[in-house]
Amino acid sequence: MASTYCEGKSSWPELLGAEGKVAAATIERENPLVRAIMVPEGSAVIQNFRCDRVWVWVDKNNTVYRVPMIG
């Protein structure tokens, strides 16, 4: 869905298991139209859809555990 409405790369499955800060930097480099925001496991986030935002979900070890995607 995201790629239909948003410009540039919209998901990063290759970053599963990556370190959070490295993943966020990669996302922003590969799509400069978005801001990657690290979110600790168990945190709540706003549910509105935005083309300029990517949630980077990290566990207690700061490892990405969900596929980052625009939203």
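**Group meeting: a pocket and a covered strand**

Hi everyone, let me start with the lining of the largest pocket: by class there are 8 nonpolar, 3 polar and 1 charged residues. Here Ala, Val, Leu, Ile, Met, Phe, Trp, Tyr, Cys and Pro count as nonpolar, Asp, Glu, Lys and Arg as charged, and the others, Gly among them, as polar.

Keep in mind that this is a predicted model, where local features need pLDDT of at least 70, side-chain atom pairs count only at pLDDT 80 or more, and totals for chains, interfaces and linings use all residues. Residues are numbered from 1 along each chain as its sequence is written, and side-chain values use heavy atoms, with hydrogens and water left out.

The lining includes Trp 55, Trp 57 and Arg 66, and the volume is about 200 Å³. For the method people: a pocket is an open set of points on a 1 Å grid over the protein atoms alone, where a 1.4 Å probe fits, with protein on both sides within 12 Å along at least five of seven lines; lining residues have an atom within 4 Å of a point. Points are joined across faces, edges and corners, and the volume is the space filled by probe spheres set on them.

Now to strand E2, residues 53-58 (strands are DSSP E runs of at least two residues, numbered from the N terminus). How many of its 6 residues are buried? The count is 6 of 6, with buried meaning under 20% relative accessible area for a 1.4 Å probe, protein chains only. One side carries Arg 53, Trp 55 and Trp 57, the other Val 54, Val 56 and Val 58.

E1 (residues 35-40) runs parallel to E2, joined by 6 bridges.

Definitions and conventions: Buried < 20%, exposed > 50% of the residue type's maximum accessible area, 1.4 Å probe, protein only. Helix = DSSP H or I, 4+ residues; strand = E, 2+ residues; numbered from the N terminus. Pairing = 2+ DSSP bridges.
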